[in-house]
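Reader: I should like to go through this model and ask, term by term, what justifies each description. Please set the values against the criteria where a conclusion depends on them.

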Amino acid sequence: MNGTEKVRYLSRFIYNREQYAMFDCDVGHFLGFTPYGETAARYWNSDPDGMEQKRAAADWLCRYNHEYLSPFLTERRVSPSVSILLLPSSSQPGAAP
């Protein structure tokens, strides 16, 4: 498996910290969560060309980008290293100026 078999494309629409609409490629259409979002979702769902583009976004956007970004995001295996240095603090009594 190369990690692209279970790709899910979500497009969320948020205004003033409230999600009013969303497109989920698993559902296949826009969903509205507020009165405005429901109106917008009906409008967006009525556009067959736009809906086809959104439904295909998992392939042309997500899977395509996964192929190129995966080496940078998932295949880097570098052990973390930590260095600790003790320095005199100027806030401690007796510290040199």
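Reader: In what order do the elements of the protein run from the N terminus on?

Author: The order is β-β-β-α-α, and the protein thus described has 2 helices and 3 strands. The model is a predicted one.

Reader: What makes the strands a sheet, and is the sheet open or closed?

Author: Two strands count as paired if at least two bridges are found between them. Strand β2 (residues 18-24) is joined to β3 by 4 bridges, so this pair meets the criterion of at least two. Ala21, for example, stands opposite Gly32 in β3. The 3 strands follow the order β1-β2-β3 in an open sheet with antiparallel pairing. β1 (10-15) and β3 (29-32) each have a single partner strand and therefore stand at the edges, with one side of each left without a neighbour in the sheet. On average, neighbouring strands of this sheet are turned by 15° against each other, direction ignored.

Reader: Through what do strands of a sheet pair?

Author: They pair through backbone hydrogen bonds, either parallel or antiparallel.

Reader: Where does helix α1 lie?

Author: Helix α1 (residues 35-45) lies across β1, β2 and β3 and runs at about 165° to β3.

Reader: How do you know that the buried residues of α1 line one face of the helix?

Author: The buried residues in α1 are Gly37, Ala40 and Ala41. Viewed down the axis of α1, its buried residues fall within an arc of 105°, and therefore they line one face. These buried residues pack against β2 and β3. The face turned away from the buried side of α1 carries the exposed residues Pro35, Arg42 and Tyr43.

Reader: Why is the pair of Phe13 and Trp44 called tilted?

Author: The structure holds 7 aromatic pairs. In the pair of Phe13 and Trp44, the ring centres are 4.8 Å apart and the planes stand at 35°. Centres within 6.5 Å make a pair, and planes under 30 degrees apart would count as stacked, over 60 as edge-to-face. An angle of 35° fits neither class, so the pair is tilted. Phe13 belongs to strand β1 and Trp44 to helix α1, so the pair ties together parts that are 31 residues apart in sequence.

Reader: Which class of exposure do Phe13 and Trp44 fall into?

Author: Buried requires under 20% relative accessible area, and exposed over 50%. Phe13 has 21% relative accessibility and therefore counts as partly exposed. Trp44, with a relative accessible area of 25%, is partly exposed.

Reader: What makes the pair of Phe30 and Trp44 tilted?

Author: The ring centres of Phe30 and Trp44 are 4.9 Å apart and the planes are at 50°, so this pair is tilted. The pair links distant parts of the chain, with Phe30 in strand β3 and Trp44 in helix α1, 14 residues apart. Phe30 has 6% relative accessibility and so counts as buried, the limit being under 20%.

Reader: Which residues do the ring pairs link into a cluster?

Author: The cluster consists of Tyr9, Phe13, Tyr20, Phe23, Phe30, Tyr36 and Trp44.

Reader: How many residues does the protein have, and what share of them counts as buried?

Author: The protein has 97 residues, of which 22% count as buried. The protein exposes about 8,300 Å², and carbon and sulfur atoms supply 55% of this area.

Conventions:
Residues numbered from 1 in each chain as written. Predicted model: local features only at pLDDT ≥ 70, side-chain atom pairs only at ≥ 80, totals over all residues. Heavy atoms only, no water. Axes fitted to C-alpha atoms, helices over the stretch in contact; angles between N-to-C directions. Contact = heavy atoms within 4.5 Å. Buried < 20%, exposed > 50% of the residue type's maximum accessible area, 1.4 Å probe, protein only. Arc of directions from axis to C-beta. Areas by Shrake-Rupley, 256 points an atom, 1.4 Å probe, with all protein chains shown as cover. Phe/Tyr/Trp six-rings, centres within 6.5 Å; stacked < 30°, edge-to-face > 60°.
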